[in-house]
Amino acid sequence: MPASKTVSTSAAETDLGTHVFHVVGYSHQKAICAHKDTSILSGRFSVGGHEWALVLVADIYNDDHPDCVAISLLLDPFAAPGVLASFELRLVNQSTGLPFTVHKEAPMVFDDNNDMAATCWIKRSLLESPTYLQNDRLTVECIVTVIKERLVSKTKSLPRIEVPPPNMAENFGSLLETDLGADVTFSVGDETFKAHKIVLATRSPVFKAELYGPMKEEGMKPITIKDMQPDVFRALLRFIYTDSLPPLDDLEADDHSEMIRHLLVAADRYAIERLKLICQSFLCENLNVQTVATTLALADQHNCDILKDACIDFITCSNEMDGLLSSQGYKNLKRTCPAVVIDVFEKTSKFRKA
């Protein structure tokens, strides 16, 4: 079963507000501030349920910030301390109306430790330049973001789309069974089989050469397959179309092994390497004293080197050598593959001496 996947979101709840502060008659107000030691104060504005104001100190000298103008964001001094907020200050171009950011303050806590205020210093040469101060008028924008509690959404399960298992083998198996579009017929023993040239040629270089090469069969007459049983050819076709063997559970153990041997011969004949390996794997896992000699001869005849080595190793390590030497398979092996017998005895001799 696919693993479940869920999702949740944690986000800070914020309130954002923008206040536009117009200072008309800037030079006059600056003079008043210098004369009365006061500041230019904006009207109150509300953001996040709190009252705020801008304070512009136009005529003050600060050793740490010479030639600068101070602009402060002030929280209502009667508000409960501990408000978390950030802000951005902009000067508005009097010709274009476009704002230019001159200061950004990261989130900070407004409390008694900072007198409920945050101050930034802006170069006087910038603030009082003709770009931002025209006709003795200055416009300051302040964007305040009040950060409240974190909000965590409820956990939700993401929708899951179930993808069915691949069914290409099933589709091609159905194609073989229905004969739809079949364009070649084989005669095997007393049975005939219909198939599709392009499928056979795709899966077997031997079929490709026979069906599309210079020696291809002409017309629709059946192609005769000699030296092969109908059941074996049927299983071979099934593997070509579906990449799997038909169920062989109804066969007795000996008949099962015999069918696998015949399929290995067929796979070698038509160069279907995966089927050949499957057959070798089965025979290797089911070696015994009665069958090892027959399997060894088969492996030698059809260039199954790994299976051949496995058989020789089995014989070398066998504790039932007398039974093996008296088996019919070993007698046939001596007659048909004498070179293999020599290999066996040489390896057995080396093993006994070790």
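User: Buried means under 20% relative accessible area, exposed means over 50%, and partly exposed lies in between. Which of these labels fits Asp 15 in this predicted model?

Analyst: The model is predicted. Asp 15 has a relative accessible area of 28%. That value lies between the cut-offs of 20% and 50%, so Asp 15 is partly exposed.

User: Which residue forms a salt bridge with Asp 15?

Analyst: Look for the closest N and O atoms, which are 2.7 Å apart in this pair. Asp 15 sits in strand S2 (residues 10–24), and its partner sits in strand S10 (residues 137–152). The two are 133 residues apart, so the pair links distant parts of the chain. The partner is Lys 148.

User: Glu 88 and Arg 90 form a salt bridge. Which of the two is buried?

Analyst: Compare each value with the 20% cut-off. Arg 90 has a relative accessible area of 23%, so Arg 90 is partly exposed. The other partner has 14%, which is under 20%, so the buried one is Glu 88.

User: How many residues apart in sequence are the parts tied together by Arg 274 and Asp 243?

Analyst: These residues form a salt bridge, with the closest N and O atoms 3.0 Å apart. Arg 274 lies in helix H8 (residues 273–285), while Asp 243 lies in the loop between H6 and helix H7 (253–269). The pair therefore ties together parts whose separation in sequence is 31 residues.

User: Which helix gives the largest share of the largest nonpolar core?

Analyst: This core has 44 residues. Among the members that touch the most others are Phe 233, Leu 236 and Ile 240. Eight core residues come from one helix, spanning residues 230–242. That helix is H6.

User: How many residues are in the second, separate core?

Analyst: Its members include Trp 52, Leu 73, Ile 122 and Val 146. The count for this second core is 35.

User: What distance separates the C-alpha atoms of Phe 314 and Leu 287?

Analyst: Phe 314 is in helix H10 (residues 305–317). Leaving aside neighbours within four places in sequence, its contacts are Leu 287, Asn 288, Val 289 and Val 292. Leu 287 is 27 residues away along the chain, yet the C-alpha separation is 7.8 Å.

User: Where does pLDDT stay under 50?

Analyst: The chain averages a pLDDT of 86, and 87% of the residues score at least 70. Where pLDDT is low, predicted coordinates should not be read in detail. The stretch under 50 has five contacts beyond four places in sequence, and it covers residues 349–354.

Definitions and conventions. Residues are numbered from 1 along each chain as its sequence is written. This is a predicted model: local features need pLDDT of at least 70, side-chain atom pairs count only at pLDDT 80 or more; totals for chains, interfaces and linings use all residues. Side-chain values use heavy atoms; hydrogens and water are left out. Helices (H or I, at least four residues) and strands (E, at least two) are DSSP runs, numbered from the N terminus. Contact means heavy atoms within 4.5 Å. A nonpolar core is a set of buried Ala, Val, Leu, Ile, Met, Phe, Trp, Tyr and Cys residues joined through side-chain atoms within 4.5 Å. Buried means under 20% relative accessible area, exposed over 50%, partly exposed in between (1.4 Å probe, protein chains only). pLDDT is the predictor's confidence in each residue, from 0 to 100. A salt bridge is a side-chain nitrogen of Lys or Arg within 4 Å of a carboxyl oxygen of Asp or Glu.
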